[in-house]
Amino acid sequence: MSKKTKYKCIHEHSADLAIIINQLGYEDLHNWLMIASGIKKVDFSWNRFDKTDSKEWCRPAYEYDVAKGNISQLYINQLTVFNYVWGGFENLLTRRYSKNQIKKNGKINLCIKELANLDELPIKDYDVFEQRFSFFFNYCLENELLEYKKQVPKDKIKIIYNIRNKFAHGDLEFPEDIEYNFNFKNPVGLVKLINCSTRIVLFHIQSLILISDKGSTVYSFLNNMFTNIDLDDYGDDLFPVEFILENLHMKEINKVA
């Protein structure tokens with residue numbers, strides 16, 4: 001299978017994760033992820049009201065609005081999905097740690113500390129996604145698509161937390177189309193960074209649930225979750241949750257003996 005089609009998109013990834021964790025009692029998180037998975041496109045129009053009549057008398061202004069609208073549409077779509085996935089992540093952390101723990105250490109720090117006990121996240125090809133995130137993060141910094149004044153932490157989820165806070169506090173940059181801003185490199189890098197961030201958050205959700213629910217069995221919908229499975233090859237569709245969660249983002253899975 002080619003690299004292009006090796007992994008599910010974040011929408012399908014979110015939906016499949018929601019189906020599995022709902023069986024384990026994570027109903028609220030399930031709802032957040034189902035909403036994220038169902039977002040196809042945010043209905044958006046740049047300069048919607050156009051009170052200056054730029055479309056009528058100024059072609060360059062109109063062309064700028066079209067270009068700005070197109071890149072903003074891509075960005076808004078990714079930000080919207082990201083925020084619902086992040087909302088689910090915070091819901092999980094609030095449920096996982098006590099109020100005293102959160103007050104003393106913060107939810108993200110608690111998550112990082114818990115996962116630090118692992119050599120790496122128990123996710124197939126996690127290093128591929130981590131490298132992809134690092135590439136687009138560094139690209140955005142080098143090309144001034146993103147301002148990051150803090151010291152860059154080693155934990156990707158901490159970087160994502162800080163990027164999320166920039167959005168929440170009104171400090172996140174919005175991309176300009178390169179045709180109208182020659183100081184910018186391709187702003188799609190910023191859009192892809194948000195996509196990569198969403199994926200990393202989903203992996204942290206999977207890993208935390210895998211730790212706490214290891215040994216549980218779930219109905220896997222195996223032939224629907226993965227493209228290379230014929231359910232007739234298996235006597236049952238119940239599998240250990242760790243086997244499913246480690247591979248959930250893959251389109252194909254190694255067949256179970």
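Below, a trainee and a mentor talk through a predicted model.

Trainee: Before we start, what are the ground rules for this model?
Mentor: Residues are numbered from 1 along each chain as its sequence is written. The model is predicted, so local features need pLDDT of at least 70, side-chain atom pairs count only at pLDDT 80 or more, and totals for chains, interfaces and linings use all residues, while side-chain values use heavy atoms, with hydrogens and water left out.

Trainee: What pattern of helices and strands does the chain follow?
Mentor: Helices (H or I, at least four residues) and strands (E, at least two) are DSSP runs, numbered from the N terminus. On that basis the chain has 11 helices and two strands. Along the sequence, the order is α-α-α-α-α-α-α-α-α-β-α-β-α.

Trainee: And what share of the residues is buried?
Mentor: Take the box first: along the principal axes, the C-alpha atoms fill roughly 70 × 50 × 30 Å. Buried means under 20% relative accessible area, exposed means over 50%, and partly exposed is in between (1.4 Å probe, protein chains only). For the 257 residues of the chain, the buried share is 44%.

Trainee: How many cavities of 30 Å³ or more are there?
Mentor: Rolling a probe the size of a water molecule over the atoms shows where empty space is left. Here a cavity is a set of points on a 1 Å grid over the protein atoms alone where a 1.4 Å probe fits but cannot get out, and lining residues have an atom within 4 Å of a point. Points are joined across faces, edges and corners, with volume being the space filled by probe spheres set on them. The count at 30 Å³ or more is one.

Trainee: Which element gives the largest share of the lining of the largest cavity?
Mentor: That cavity holds about 40 Å³ of space, and its lining is Leu79, Phe82, Ile163, Arg164, Phe167, Leu172, Ile194 and Ser197. Two or more lining residues come from each of α4 (59-96), α8 (156-168) and α9 (188-213). The largest share, three residues, comes from α8.

Trainee: How does that lining split by class?
Mentor: Ala, Val, Leu, Ile, Met, Phe, Trp, Tyr, Cys and Pro count as nonpolar, Asp, Glu, Lys and Arg as charged, and the others, Gly among them, as polar. Sorted that way, the lining of the largest cavity has six nonpolar, one polar and one charged residues.

Trainee: On to charges: are Asp16 and Lys8 buried or exposed?
Mentor: A salt bridge is a side-chain nitrogen of Lys or Arg within 4 Å of a carboxyl oxygen of Asp or Glu, and the model has five. Asp16 and Lys8 form one of them, at 2.6 Å from N to O. Asp16 has 8% relative accessibility and Lys8 has 2%, so Asp16 counts as buried and Lys8 also counts as buried.

Trainee: Which helices does the salt bridge between Glu114 and Arg96 tie together?
Mentor: The closest N and O atoms of Glu114 and Arg96 are 2.8 Å apart. Arg96 is partly exposed at 22% relative accessibility. The two residues are 18 apart in sequence, so the pair ties together parts of the chain, with Glu114 in α6 and Arg96 in α4.

Trainee: Where does Glu144 sit, given its positive phi?
Mentor: Glu144 has a phi of about 55° although it is not a glycine. Glu144 is exposed, with 66% relative accessible area. Its place is the loop between α7 (126-142) and α8.

Trainee: Phe221 has a positive phi too; how far apart are the C-alpha atoms of Phe221 and Ile20?
Mentor: Phe221, with a phi of about 50°, lies in the loop between β1 (217-219) and α10 (222-225). Ile20 lies in helix α1 (residues 10-22) and is buried, at 0% relative accessible area. Along the chain Ile20 and Phe221 are 201 residues apart, but their C-alpha atoms are separated by 9.1 Å.

Trainee: Last one: which residues make the nonpolar surface patch of about 330 Å²?
Mentor: Patches are made of residues with over 30% relative accessible area and no salt bridge, joining like charges within 9 Å and nonpolar side chains (Val, Leu, Ile, Met, Phe, Trp, Tyr) within 5 Å; areas come from the Shrake-Rupley method with a 1.4 Å probe, and for residues only the protein chains shown count as cover. Phe221 has 31% relative accessibility, and Leu238 has 45%. The patch is made by Ile19, Tyr219, Phe221 and Leu238.

How values were computed
On a 1 Å grid over the protein atoms alone, a cavity is a set of points where a 1.4 Å probe fits but cannot get out, and a pocket is an open set with protein on both sides within 12 Å along at least five of seven lines; lining residues have an atom within 4 Å of a point.
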